[in-house]
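Grab your viewer and work through these short exercises. Each one has a task and a stepwise solution.

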Amino acid sequence: MLRTLLCGALLCAVALPVSAQTPWTSHRPDGHAPIGVMGDHTHSAGEFMVSYRFMAMAMAGNRDGTESLSDGEVVDPNGANFVIAPTEMPMQMHMLGLMYAPTDRITLMAMVPLVTMSMDHLTRMGGTFTTEAGGLGDIGLAALVVLARPERQRLHANLGIRLPTGSVEEQDVTPASAPNETLLPYPMQTGSGTVDLQPGLTYLGQTNRLSWGAQAMGTIRLGENGSDYRFGNVLDVTAWGGVNATDWLGGSLRLAASTWGDVSGANPAYAMGVTNRMVPTVFADLRAGTRFDLGIGANVLVPSGPLHDLRVAAELELPVYQSLDGPQLETDWTLTLGAQYAF
């Protein structure tokens with residue numbers, strides 16, 4: 001299905017005419033999507049935009065399917081389950097972005113992420129420990145191609161690729177490895193180790209006071225990484241509505257759905273941990289899931305003066321449904337803050 005989406009977007013980019021009527025415009029507070037949406041808008045020929053996003057995610061407590069699990073259900077004292085349970089995982093990402101439009105129809109985009117994360121654990125004997133990782137994530141490159149722009153609306157294709165610049169070899173000290181470092185589990189790696197295609201479609205519409213949009217994005221992993229596995233493919237679908245409250249303030253509501261697959265293959269370095277049922281995060285078949293989030297956002301635009309078109313935005317996402325191949329840490333909330341400046 002994701003490959004069909006990519007092929008369809010490429011065909012549309014070549015075949016569809018681009019009409020010019022009363023245009024959709026980004027020069028208003030709700031002219032951009034909520035800050036948690038990437039690749040949501042295009043630019044006019046010759047325009048640049050630089051951006052910075054800070055994203056924080058809190059994950060705590062385990063879930064299997066739609067049922068929450070206690071720590072005691074994950075680390076069974078009788079030895080029927082796991083020796084170690086992950087209990088909490090805060091994660092932060094700093095994202096630097098650059099957009100440039102060589103023509104009115106094509107906007108080029110680059111995104112560079114810097115990731116930090118930690119994971120708290122509980123052992124079967126009641127001990128606790130924390131592991132940490134961080135560094136450069138996978139760099140994203142994309143072309144946003146306008147397919148159609150009827151009156152007050154816009155449709156564009158997202159043709160993206162993510163490069164394996166992040167690490168799949170993050171290590172830290174654990175009680176079992178001390179004083180030496182050991183390879184950290186799948187969720188603690190900063191990259192995928194594979195080249196990932198990211199095809200998608202984005203639709204935008206607006207009236208004088210209201211705006212709306214929708215986006216479908218896929219992540220398709222190509223081949224396996226150097227550690228003999230690949231992360232699961234991902235499908236993200238989101239829709240939002242916004243209001244142009246004043247000439248400098250806009251608000252938004254957004255519903256986002258995400259589904260992702262299990263790891264294919266397995267890192268041979270985790271074999272002993274799987275055999276001894278050390279911790280669920282080393283199991284390739286305990287990584288898939290589906291989640292629905294509700295997002296509440298605000299966009300502030302500087303309408304005039306020396307900082308004309310500077311934007312500051314925030315969005316808080318709260319999960320309303322989660323089904324995970326578990327035990328797997330569930331998401332509590334995601335906060336995105338950002339600034340964007342076009343010139």
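**Exercise 1. Find the long-range contacts of N267, then place the residue and judge its burial.**

Step 1: Leaving out residues up to four places away in sequence, N267 touches L183, Y186, S227 and Y229 (contact means heavy atoms within 4.5 Å).
Step 2: N267 sits in the loop between strand 15 (264-265) and helix 3 (271-275).
Step 3: N267 counts as buried because its relative accessibility is 6% (buried is under 20% relative accessible area with a 1.4 Å probe, protein chains only).

A note on the model: it is predicted, so local features need pLDDT of at least 70 and side-chain atom pairs count only at pLDDT 80 or more, while totals for chains, interfaces and linings use all residues. Numbering runs from 1 along each chain as its sequence is written, and side-chain values use heavy atoms, with hydrogens and water left out.

**Exercise 2. Explore the largest nonpolar core, starting from V263.**

Step 1: The core has 18 residues, and those touching the most other members are F82, Y186, Y229, F231, V263, V282 and F283 (a nonpolar core is a set of buried Ala, Val, Leu, Ile, Met, Phe, Trp, Tyr and Cys residues joined through side-chain atoms within 4.5 Å).
Step 2: Not counting residues up to four places away in sequence, V263 touches Y186, Y229, R230, F231, G232, A284 and R287.
Step 3: Another core lies apart from this one; its 10 residues include M57, M117, L184 and L329.

Note on methods. Helices (H or I, at least four residues) and strands (E, at least two) are DSSP runs, numbered from the N terminus. Buried means under 20% relative accessible area, exposed over 50%, partly exposed in between (1.4 Å probe, protein chains only).
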